[in-house]
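Morning, everyone. I'll keep this short and talk about the ligand site and the pockets, so have a look at the model first.

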Amino acid sequence: MSSISFIGLGTMARALAARAVAGGNTVELIGRDPVAAKGLAAELGGGATAGSFGAAPAGDIVVLAVPYAAAVPVVAQYGEALAGKTIIDISNTFDADATGLVVPDGTSGAREIAEAAPASAHVVKAFNTVFGHVLAQGRPLDVFFAGDDPRAKADVSAFIVSLGLRPLDVGGLEMARWLEGVGPLLMGLARHGAGTFDVALGADFPG
Ligand SMILES: NC(=O)c1ccc[n+]([C@@H]2O[C@H](COP(=O)([O-])OP(=O)(O)OC[C@H]3O[C@@H](n4cnc5c(N)ncnc54)[C@H](OP(=O)(O)O)[C@@H]3O)[C@@H](O)[C@H]2O)c1
């Protein structure tokens, strides 16, 4: 099992942390509001703890569960406190009507986070292609992920399995932009073809 810190206490942190506790992981919750962090830790149980915002996270894996606009500033604020960590970037970078991306061509939110993080940290893009409220239902889902460091990817893959989810590696961090492009696709599917936000994307292949 893994040692995981969540920075951010919103919909995604809550859904992922609940599954992480259920999966036997060691979970730390970190937010700007220490009272809210303690409250969520107590609510989740399973030995979950509350950390101090800005101090070195306890987990080997740090889930950055803040809005895209806050992600780089938060990573910059943490600075060397994130040295050696595997950082999971879950952010969606789509625009207000979810038909395009706000990141410049040729890069991604994940790449921007990697550039802001210490050189010894490894960024893996994951979970942005699943809705938080669907994660919270507890059903099995596919989780696409991308990153450059094999060890970090193996650790994230094991973490995803511990959540009762199926990890699907789509390649290096250059693929993060295309994972971020799946955000508008999922929103469009929910609004049009599926006609419901109770929807998830998956892959079908032999083996
Ligand atoms: N919701 C989904 O279905 C979904 C699906 C896939 C990916 N995502 C991505 O997951 C990330 C989190 O989404 P969410 O739905 O969980 O958002 P959320 O419910 O709005 O929670 C955001 C969290 O980030 C914190 N935060 C915001 N600005 C911050 C800052 N400058 N410094 C520190 N903490 C800050 C908030 O803290 P305060 O309460 O103190 O403001 C809150 O705890 C986003 O990047 C989003 O694109 C969301």
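**The ligand and its pockets**

Let's start with the pocket itself: 19 residues line the largest pocket, and Gly8, Arg32, Ala65, Val66 and Pro67 lie nearest its centre. Before I go on, bear in mind that this is a predicted model. The volume of that largest pocket comes out at about 320 Å³.

What does the lining of the largest pocket look like by class? It divides into twelve nonpolar, five polar and two charged residues. As for where they come from, helix 1 and helix 3 each supply at least two residues of that lining, and helix 3 has the largest share, with three.

Now, where does the ligand go? The space it takes is the largest pocket. Around the ligand we have 21 residues, and the closest are Leu9, Met12, Arg32, Val66 and Gly132. You'll recognise Arg32 and Val66 from a moment ago, when I listed residues nearest the centre of the largest pocket.

By class, the shell around the ligand has 13 nonpolar, seven polar and one charged residues. Helix 1, which is 11-22, and helix 3, which is 68-78, each supply at least two residues of this shell. Helix 3 again makes the largest contribution here, three residues.

On to the polar contacts, and I'll go through three of them. At arginine 32, a polar side-chain atom lies 2.7 Å from an oxygen atom of the ligand. At glycine 132, a polar backbone atom is 2.8 Å from a ligand oxygen. And at asparagine 92, a backbone N or O atom lies 2.9 Å from an oxygen atom of the ligand. As for cover, the ligand has 900 Å² of accessible area on its own, and the protein covers 69% of that.

Last bit: the second largest pocket. Its volume is about 230 Å³. Which residues lie nearest the centre of the second largest pocket? Those are Met12, Ile90, Asn92, Phe94 and Asn128, out of 16 that line it. So two names come back: Met12 is among the residues closest to the ligand, and Asn92 has that backbone atom 2.9 Å from a ligand oxygen.

Helix 7, residues 176-191, gives the most to the lining of the second largest pocket, with three residues. By class, this lining splits into eleven nonpolar, five polar and no charged residues.

That's what I had on the ligand and the pockets. Happy to pull up any of these residues on the screen.

Technical notes
Residues are numbered from 1 along each chain as its sequence is written. This is a predicted model: local features need pLDDT of at least 70, side-chain atom pairs count only at pLDDT 80 or more; totals for chains, interfaces and linings use all residues. Side-chain values use heavy atoms; hydrogens and water are left out. A residue is near a molecule or strand if one of its heavy atoms lies within 4 Å of it. A polar contact is a pair of N or O atoms within 3.5 Å; within protein, one must be able to donate a hydrogen and the other to accept it, and residues adjacent in sequence count only if both atoms are side-chain atoms. Accessible areas come from the Shrake-Rupley method with a 1.4 Å probe; for residues, only the protein chains shown count as cover. On a 1 Å grid over the protein atoms alone, a cavity is a set of points where a 1.4 Å probe fits but cannot get out, and a pocket is an open set with protein on both sides within 12 Å along at least five of seven lines; lining residues have an atom within 4 Å of a point. A molecule sits in a cavity or pocket if more than half of its atoms lie within 2 Å of its grid points. Helices (H or I, at least four residues) and strands (E, at least two) are DSSP runs, numbered from the N terminus. Ala, Val, Leu, Ile, Met, Phe, Trp, Tyr, Cys and Pro count as nonpolar, Asp, Glu, Lys and Arg as charged, and the others, Gly among them, as polar. Grid points are joined across faces, edges and corners, and a volume is the space filled by probe spheres set on the points.
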